[in-house]
Protein chains: 2
Amino acid sequence: MMELTRKGDYAIRGIVYLAGQPLDRVSLLSDIAAAVDVPQTFLAKIFQQFSKSGIVKSYRGTGGGFILARPPEQITLLEVVEAVEGPITPNRCVMAPGECERDSFCTVHPVWDRVKRQVRTMLAEISLKDLTCG
Amino acid sequence: MMELTRKGDYAIRGIVYLAGQPLDRVSLLSDIAAAVDVPQTFLAKIFQQFSKSGIVKSYRGTGGGFILARPPEQITLLEVVEAVEGPITPNRCVMAPGECERDSFCTVHPVWDRVKRQVRTMLAEISLKDLTCG
DNA sequence: TCCTAAAAGGACTGTGATGGTCCCTTTATA
DNA sequence: TATAAAGGGACCATCACAGTCCTTTTAGGA
């Protein structure tokens, strides 16, 4: 259980690469894809999600490409993961109150809630700066 | 990400129900399935896995059924979840050393390792006794 | 203004995991 | 020996995942 999908894996690779570039340098998708060894068309979808989430800024046309929307120390691993994988929810119960009819008498509920918060906290403590070698 | 499958959910329901029964009482699969509202044929598979993992003991034939293999305070939620879902591995990297070719230079690696250990610890701290109302 | 470079976005597809069902076998009891 | 139960194998439908492909939009440059 709890496995990151390939998409999430690719997403992290791509964004970490971008964070490792000079911050004012606009990177081509094709360059990123080649550098981190991910199919370009697939990575395109991922970066579209980043763009919508406000993690990267994109520029179209000649000389276009991607750039981090904020400095690396202000982007957390949690943000990156949730941008492409959706919210972290160990169990459907945890999602929204009332979503689970067993809600009121489900003793396992609070356990998943703790797990969820702990994991989110751990991921939120890591920034892209921590993940680049420089 | 990190979502428990339906199988894991059912597994927990079933085993918690069993832990809530008198400990010397052999429960029929059909009773358990009805009580926790899970298709009996599916729950059968789950309890077979429990049986192999040594979480429950099974008896065949007339008067047969299932019973916890150990007292509820000695069975952890971690055991139950891993019995049916397999090991908790947030990222393929974390599995075995060398499994990931990016291993040596993957800065994200240690993060997933921490997440994995934290989650396992939290689940290992909860026993079936904690999950039954009595 | 046209051509070209790039991202945006929609539609489509193969594959594998999930969530089951069905049926036969084995084991035990009465 | 009939019956009650779990064990186990085979099968199947659906859906998410992991991509591909093609068209559209946006922007620069000649």
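Me: Which residues does T132(B) touch, not counting those up to four places away in sequence, and what makes such a pair a contact?
Reply: In this predicted model, T132(B) touches V16(B), A19(B) and G20(B), and each pair is called a contact because heavy atoms lie within 4.5 Å. T132(B) itself belongs to the segment after α6 (128-131) of chain B, where helices are DSSP runs of H or I with at least four residues and strands are runs of E with at least two, numbered from the N terminus.

Me: Why is T132(B) called buried?
Reply: Its relative accessibility is 16%, and buried means under 20%, with exposed over 50% and partly exposed in between (1.4 Å probe, protein chains only), so T132(B) counts as buried.

Me: What makes the approach of the T132(B) side chain to the backbone oxygen of K129(B) a polar contact?
Reply: The distance is 3.1 Å, and a polar contact is a pair of N or O atoms within 3.5 Å, where within protein one must be able to donate a hydrogen and the other to accept it, and residues adjacent in sequence count only if both atoms are side-chain atoms; the value therefore falls within that limit.

Me: How do you know that β1 and β2 of chain B pair?
Reply: Two strands pair if DSSP finds at least two bridges between them, and residues 56-59 and 65-68 of chain B are joined over four bridges in the antiparallel sense, so the condition is met. S58(B), for instance, has F66(B) in β2(B) as its bridge partner, while G61(B), in the hairpin with five residues between the strands, takes a positive phi near 75 degrees.

Me: What makes a residue count as near DNA strand C, and how many residues surround that strand?
Reply: A residue is near if one of its heavy atoms lies within 4 Å, and 24 residues surround DNA strand C, the closest being K45(A), S58(A), R60(A), Y10(B) and T41(B). Sugar and phosphate account for 71% of the strand's atoms that come within 4 Å of the protein.

Me: Which atoms of DNA strand C do the side chains of T41(B) and Q48(A) approach?
Reply: An N or O atom of the T41(B) side chain is 2.8 Å from a phosphate oxygen, whereas one of Q48(A) is 3.2 Å from a base nitrogen. The largest share of the surface near the strand, four residues, comes from α3(A).

Me: On what basis were these values computed?
Reply: Residues are numbered from 1 along each chain as written, while chains are lettered from A and ligands numbered from 1 in the order in which they are written. In this predicted model, local features need pLDDT of at least 70 and side-chain atom pairs count only at pLDDT 80 or more, whereas totals for chains, interfaces and linings use all residues, and side-chain values use heavy atoms, leaving out hydrogens and water.
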